[in-house]
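Biologist: Could you walk me through this one? I'd like to look at it with you.

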Amino acid sequence: MTTIIRKSVLSVAGLAFAGGVFAGPVAAHANPVDTKPVATAVQTVAAKPQGDQSHITLNDEQTANVKAIIAATKKAGLPERAAVISIATSLQESKLENLGHLGDMNDHDSLGLFQQRPSSGWGTPEQITDPAYSTTAFLKGLKQVDGWQDMPLTDAAQTVQVSAYPDAYAQWEQQATDLVNQHWNS
């Protein structure tokens with residue numbers, strides 16, 4: 001089956017399933033009680049994150065960076081899954097810290113939340129150390145990955161980042177999902 005047909009079939013099946021789960025036969029005849037939107041958990045493609053998971057305690061700056069990533073994702077019109085991938089990527093690359101030049105410890109000329117490189121065309125040092133800009137640049141790369149919504153997080157992140165450690169992003173999926181669940185509607 002071609003990728004487009006397979007995705008279409010899976011999308012229709014998912015909508016039908018979601019409609020049945022959330023609407024159900026009883027809901028079709030019930031009077032609405034509350035019309036306020038209900039917060040829902042972020043849906044990730046994998047039922048369980050890949051591999052062992054890591055977790056760090058965030059300080060105020062890191063939490064502000066989570067919120068900046070979520071705001072940029074919403075502004076780009078992308079779903080929660082894009083924010084999960086972005087946050088997991090930033091957790092791996094910088095532990096959600098907006099890193100400047102680290103001298104001898106620096107990986108080439110990598111900067112910011114996503115360790116993007118000015119010499120690779122990500123932007124100027126000033127741009128890529130701006131959380132909104134760097135997230136938008138990452139998301140632009142993510143949108144160019146065919147099928148990113150349905151692939152494992154680590155594959156989507158690696159396709160954008162081209163890291164020497166391609167599987168390292170997976171360890172942050174659970175914390176990234178939890179952070180998006182916590183801050184998406186705040």
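Modeller: Sure. One definition to start: an axis here is a line fitted to C-alpha atoms, for helices over the stretch in contact, and angles between N-to-C directions run from 0 to 180 degrees. Keep in mind that this is a predicted model.

Biologist: How do the axes of α6 and α7 cross, and what is α6 relative to α7?

Modeller: Take α6 as residues 131–143 and α7 as residues 153–161; their axes come within 9 Å. They cross at roughly 110 degrees. Angles of 65 to 115 count as one class, so α6 is, relative to α7, roughly perpendicular.

Biologist: Which class has four residues in the contact of α6 with α7?

Modeller: From α6 come F138, G141 and L142, and from α7 come A156, V160 and Q161. Two residues of the contact are polar and no residues are charged. The class with four is nonpolar.

Biologist: Which helix supplies the largest share of the largest nonpolar core?

Modeller: That core has 35 residues, and I85, I87, L142 and W148 have the most contacts inside it. W148, for one, touches I85 and L142, and also A156, among others. At least two core residues each come from α3, α4, α6, α7 and α8. The largest share, seven residues, comes from α4.

Biologist: Over which residues does pLDDT stay under 50?

Modeller: The chain averages a pLDDT of 79, and α3 has the highest mean among the elements, 98. Helix α2 (residues 24–27) has the lowest, 36. Where pLDDT is low, don't read the predicted coordinates in detail. The stretch where pLDDT stays under 50 is residues 1–47.

Notes: Residues numbered from 1 in each chain as written. Predicted model: local features only at pLDDT ≥ 70, side-chain atom pairs only at ≥ 80, totals over all residues. Heavy atoms only, no water. Helix = DSSP H or I, 4+ residues; strand = E, 2+ residues; numbered from the N terminus. Parallel < 35°, antiparallel > 145°, perpendicular 65-115°, else oblique. Contact = heavy atoms within 4.5 Å. Nonpolar A, V, L, I, M, F, W, Y, C, P; charged D, E, K, R; others polar. Core = buried A, V, L, I, M, F, W, Y, C linked by side-chain atoms within 4.5 Å. Buried < 20%, exposed > 50% of the residue type's maximum accessible area, 1.4 Å probe, protein only. pLDDT = per-residue confidence, 0-100. Lists of a residue's contacts leave out its neighbours within four places in sequence.
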